[in-house]
Amino acid sequence: MSVDVRPATDDDVDAVVDLFRQYLRFYDQEVPDAEARAYLTARRDAGDSVLLVAELGPDDSGTPGGLVGFAQSYPTWSSVSLSRSWVLNDLFVTPAARGTGAGRALVQDTCRRAKEAGAIRVSLATAWDNVAAQGLYESEGFVRDQSFHHYMYVTGA
């Protein structure tokens, strides 16, 4: 099965919203369909994020594959390097499509697009126990940060 990665279009919105909600459930977040749709389309339409989808081509029997994953990155800036940087914030592939290369294709395409946009790096975070994702990222050249501790402050807003 082939994997095609491309920017999400208006025709993909329903499928991407479903994938996004599955991704959020993985992180124990339940969001209504309308809120997920509004968030994704607002980020994409405002140019805040780069929203890519992975689509499987037809299998050997001709059965279409459809959208099986997405990646959402946020272009930003690095003050220390005075350069563009991207944050690969969201990556999800349906459980049934894991092992097809869809996740790897999304990561590779994100990195390619970041480089083409002049970004000097793509950064990401993943759960300590998400060993499968860590293996994917490391096999694609991502290096675990040994220099900085990352913190967050939850405002409750």
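Colleague: Where is Asp28 found?

Modeller: In this predicted model, Asp28 sits in the loop between helix H1 (13–26) and helix H2 (33–46).

Colleague: What is the phi of Asp28, and is the residue buried or exposed?

Modeller: The phi of Asp28 is positive, about 60 degrees, although the residue is not a glycine. Exposed means over 50% relative accessible area. Asp28 has 70% relative accessibility, so it counts as exposed.

Colleague: Which loop holds Leu82, and what is its phi?

Modeller: Leu82 is in the loop between E3 and E4. Its phi is near 55 degrees, again a positive value in a residue other than glycine. With a relative accessible area of 74%, Leu82 is exposed.

Colleague: Leu82 has a nonpolar side chain. How should I read the nonpolar side chains in general?

Modeller: In soluble globular proteins, such side chains tend to be buried together. In this structure the largest nonpolar core has 22 residues. Those with the most contacts inside this core are Leu91, Leu106, Val107 and Tyr137.

Colleague: Which elements give two or more residues to this core?

Modeller: There are strands and helices on that list: strand E2 (50–56), strand E3 (66–78), strand E4 (83–93), helix H3 (102–116), strand E5 (119–123) and helix H4 (131–139). H3 gives the most, with 5 residues.

Colleague: What does Leu106 touch, leaving out residues up to four places away in sequence?

Modeller: The contacts of Leu106 include Val5, then Leu52, Val53 and Ala54. Leu106 also touches Gly69, Phe70 and Ala71, as well as Leu91, Phe92 and Val93.

Colleague: How many residues are in the other core?

Modeller: The other core, which lies apart from the largest one, has 15 residues. Among them are Leu19, Leu24, Ala36 and Val53.

Colleague: Now the strands. How are the side chains arranged in a regular strand?

Modeller: They alternate between the two faces of the sheet. Here, take E2 as the case. For burial, the cut-off is under 20% relative accessible area. In E2, 5 of the 7 residues are buried, so this strand is largely enclosed by the rest of the structure.

Colleague: In which sense does E2 pair with strand E1, and over how many bridges?

Modeller: Strand E1 (residues 3–7) and E2 pair in the antiparallel sense, over 5 bridges. One of the bridge partners in E2 is Leu52, which is matched with Pro7.

Colleague: How many bridges join E2 to E3?

Modeller: E2 and E3 are joined by 7 bridges and run antiparallel. As an example, the bridge partner of Leu56 in E3 is Gly66.

Terms used:
Residues are numbered from 1 along each chain as its sequence is written. This is a predicted model: local features need pLDDT of at least 70, side-chain atom pairs count only at pLDDT 80 or more; totals for chains, interfaces and linings use all residues. Side-chain values use heavy atoms; hydrogens and water are left out. A nonpolar core is a set of buried Ala, Val, Leu, Ile, Met, Phe, Trp, Tyr and Cys residues joined through side-chain atoms within 4.5 Å. Buried means under 20% relative accessible area, exposed over 50%, partly exposed in between (1.4 Å probe, protein chains only). Helices (H or I, at least four residues) and strands (E, at least two) are DSSP runs, numbered from the N terminus. Contact means heavy atoms within 4.5 Å. Two strands pair if DSSP finds at least two bridges between them.
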